[in-house]
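Biologist: I am new to this structure and should like to learn how its ligand site and its pockets are read. Could we begin with the ligand?

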Amino acid sequence: MQRRGLLIILSSPSGAGKSTLAKRLMAWDPTLSFSVSATTRSPREGEVDGRDYFFKPKPEFETMVAAGEMLEHAQVFGNFYGTPKAPVEAAMQAGRDTLFDIDWQGGQQIRRSSLGKDVVSIFILPPSIAELETRLRGRAQDSEEVIAGRMAKSRDEISHWAEYDYVIVNRDVDAAEEEVKTILQAERARADRQPGLNEFVRALNTEFETR
Ligand code: 5GP
């Protein structure tokens, strides 16, 4: 049945498990479209251009912003990040849901845009700051200075929790995954998200009448 595509925004401080949850959701539902952001930061080991991010030099990023090609953009850790608009519009038109791994600034911009009514926003909290720091260090890819910067940014990110529709404390990643899936299933079933229902119920009525 025809359904309007949702914009599922996942935000959290770095290290709260957001990327793991995003990967699990994509594996669970192959119809989900993942919004690959553009960024001016350098690729980390193992990251692939076009899959994890579109890695762009700053002038190219700025040209995309000026041309109105970004749904939202923000500065995070001194680098620029933005969501290319075209793939999101294409997914919505096809009735596909899009998953965004973006920070609170991006979440706020999309929620306030004309697409706001189709947004479902979920904030992931860590069980404790000690746990958050352990997870950040566990990545072992970043310097002390970068980790300190991420911890400061985490505090700022967490301060925006109340702007989100749903908040999940990630004590256990399997349980958090189940919670996110439950939210998606409920949001997809909302009457106002299923314009095809009128026609469907009309067909049910016809069936009543022709019995
Ligand atoms: P990282 O550099 O660790 O991949 O991401 C840093 C932060 O930037 C994360 O909180 C991530 O969610 C956020 N981010 C990634 N892409 C975008 C984007 O397109 N827009 C915004 N506003 N934030 C983004």
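Modeller: A residue counts as near a molecule if one of its heavy atoms lies within 4 Å of it. For the classes, Asp, Glu, Lys and Arg count as charged, the ten from Ala to Pro in the usual list, Tyr among them, as nonpolar, and the others, including Gly, as polar. In this predicted model, the shell around the ligand divides into 6 nonpolar, 4 polar and 7 charged residues.

Biologist: Which residues come nearest to the ligand?

Modeller: Of the 17 residues around the ligand, the nearest are Ser-37, Arg-41, Tyr-53, Glu-72 and Tyr-81. Among the elements, β5 (70-76) and β6 each supply at least two residues of this shell.

Biologist: Which polar atoms lie beside the oxygen atoms of the ligand?

Modeller: Tyr-81 places a polar side-chain atom 2.5 Å from a ligand oxygen, and Asp-101 places one 2.8 Å from a ligand oxygen. At Gly-106, a backbone N or O atom lies 3.4 Å from a nitrogen atom of the ligand. The protein buries 94% of the 510 Å² that the ligand exposes when taken alone.

Biologist: How is empty space found?

Modeller: Rolling a probe the size of a water molecule over the atoms shows where empty space is left. Here the second largest pocket holds about 160 Å³ of space. Its lining includes Arg-41, Phe-77, Tyr-81 and Asp-142.

Biologist: Which element gives the most to that lining?

Modeller: The answer is α6, with 3 residues. By class, the lining of the second largest pocket has 4 nonpolar, 3 polar and 4 charged residues.

How values were computed: Residues numbered from 1 in each chain as written. Predicted model: local features only at pLDDT ≥ 70, side-chain atom pairs only at ≥ 80, totals over all residues. Heavy atoms only, no water. 1 Å grid on protein atoms, 1.4 Å probe; cavity = no way out; pocket = protein on both sides within 12 Å on 5 of 7 lines; lining within 4 Å. Points joined across faces, edges and corners; volume = space filled by probe spheres on them. Helix = DSSP H or I, 4+ residues; strand = E, 2+ residues; numbered from the N terminus. Polar contact = N/O pair within 3.5 Å; in protein donor to acceptor, adjacent residues only side chain to side chain. Areas by Shrake-Rupley, 256 points an atom, 1.4 Å probe, with all protein chains shown as cover.
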